[in-house]
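Trainee: I have a structure to look at and I'd like to go through its charged side chains. Can we start?
Mentor: Yes, put it up.

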Amino acid sequence: MAKQHENCPAVCVTKSISVYPKSLSPQKILNLSNLDRQCPLLMYLVFFYKPTFDCQNLSLDYVFSSLKSGLEETLSIWYPAAGRLMSLNPSDRKLNIWCNNKGAILVEALTRVKLSELGDLSQYNEFFENLVYKPVFNGNFSEMPLVVAQVTRFACGGYSIGIGTSHSLFDGPATYDFLSAWACNSAIKKRKGVTVSDHQPVHERGLMVLDNISHVHNAGTVKSPVAAARAAAIDHLYQLIKNTMINSQNSEVGGLNFSEMGSSNYVLKTFHLSGAIVESLKRKVLGERRGNFSCSSFELVAAHLWKARTKAFALKKETMVCLQFAVDTRNKMVPPLPKGFSGNAYVLASVALTAGELEELSHEAIVEKIKEAKNSINNEYVNGYIEALDAPQGSLPPLKELTILSDWTRMPFHKIDFLNGEAAYASPLASPIPQVAYFMQNPSDLRGIDVRIGLFPQTLDAFSHYFLRNLQ
């Protein structure tokens, strides 16, 4: 754990500027979908670049200037990122993006800390919070920049680049594309002859916008009775909330909501499952059936994690428990979303069982249910999901019965080269829902999976025991 040096802040900000698009776009309103509106807050990711020879020879001023010029060019194409969220109708308070060229924020900082003092970069460290810029907007989203970044030079010559993007702006794949374009546009990459892909982003939300879905329904091209009922994830979530409300008097956490909890109530822990461990788990679970039963690493580890987390909470056997995981709908829609779609295109698939059933079922049987849930995501499911989100949304209570997963293994953020070479690690900070488990690539073991999850301190040991048991 890095400590603050005597009489000196751990990180000293030396410069803060607004960065505007190199070519200004005409001002316009970009209508968001209900998927975009679920979480307007900034999601943070910190890239760490170790002090290699090339990296050490880059001055902070040069790195800052290169990132600034790259961001100016990128914002010209990804113009909504230079805008602000706003509500056109005070009665419904639904957020859209006003593409008004107000710009992003770029911050320069220095620290006397060495990267080596941070230890294992895959493990969350409170010091990481000093490596990102957190704008003060007091709940007024029209004042919140949609993209912020901080470049920090360490005493050893290494760097971190901490970036925050509003989840209303991009989902994971779109964030990856945006950051990749920014890295390619920087002067550092241009000096090396790297060119930006011809792949252009598509910012219009199209049929993901509820008004367009309703238009299709009214035209009679979609025949769907009570479409929201087709979104199993919404139905299961409502049932879990109902059960929690009934049992709240006997629950240690039943009276809390996410805004009251805060990330400090959770311990963020990363479990590294090497490629060898994942293969070993497949052999143990599938045995001789491996040739007759296809199973992805995500599906198998998801089943294993769900069982471990549920068991760690020691829930009663008759308790309803639910696994929900994000599914990309870009190729699930009819017609498919255009290549380069930059909005939120993920919905949650859902599997619900009792805690007793989950404990008794084999990993293989749970994987089958995960596959069924994934295959249930189609055009009607997505439309129903979006329609259901149009209902008034309240605070989501912390549900120990709910396990949520997000698969980032196809988004190798550490490979984004803002400087000279890949990042040593790309670490997400605590999300607004910190108990979500993220599956990520490990830079030194691409067949393995890093599982980042938020856990209550009192369940950490039990989860670690059940999750790691019999994996070796």
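Trainee: Is E299 buried or exposed?
Mentor: This is a predicted model. E299 has a relative accessible area of 6%, so with buried meaning under 20%, E299 is buried.

Trainee: Which residue forms a salt bridge with E299?
Mentor: K374 does, and the closest N and O atoms are 3.0 Å apart. The two residues are 75 apart in the chain, with K374 in helix α11 (residues 363-375) and E299 in helix α9 (residues 297-312).

Trainee: And K374, buried or exposed?
Mentor: Neither; K374 counts as partly exposed, at 24% relative accessibility.

Trainee: Why do such side chains pair at all?
Mentor: Side chains of opposite charge can pair when their charged atoms come close.

Trainee: How many salt bridges are there?
Mentor: The count comes to twelve. One of them joins R330 and D171, with 2.9 Å between the closest N and O atoms. R330 is in the loop between β10 (320-328) and β11 (346-354), and D171 is in the loop between β8 (159-166) and α3 (172-185), so this pair ties together parts that are 159 residues apart in sequence. Both R330 and D171 are buried.

Trainee: New topic. What is K15 linked to in a network?
Mentor: K15 is in a network of salt bridges with D61 and E108. Between K15 and D61 the closest N and O atoms are 3.8 Å apart. K15 sits in strand β1 (residues 12-19) and D61 in helix α2 (residues 60-77), 46 residues apart.

Trainee: How accessible is D61?
Mentor: D61 has a relative accessible area of 46%, which is partly exposed. K15 is also partly exposed, at 29%.

Technical notes: Residues numbered from 1 in each chain as written. Predicted model: local features only at pLDDT ≥ 70, side-chain atom pairs only at ≥ 80, totals over all residues. Heavy atoms only, no water. Salt bridge = Lys/Arg side-chain N within 4 Å of Asp/Glu carboxyl O. Helix = DSSP H or I, 4+ residues; strand = E, 2+ residues; numbered from the N terminus. Buried < 20%, exposed > 50% of the residue type's maximum accessible area, 1.4 Å probe, protein only.
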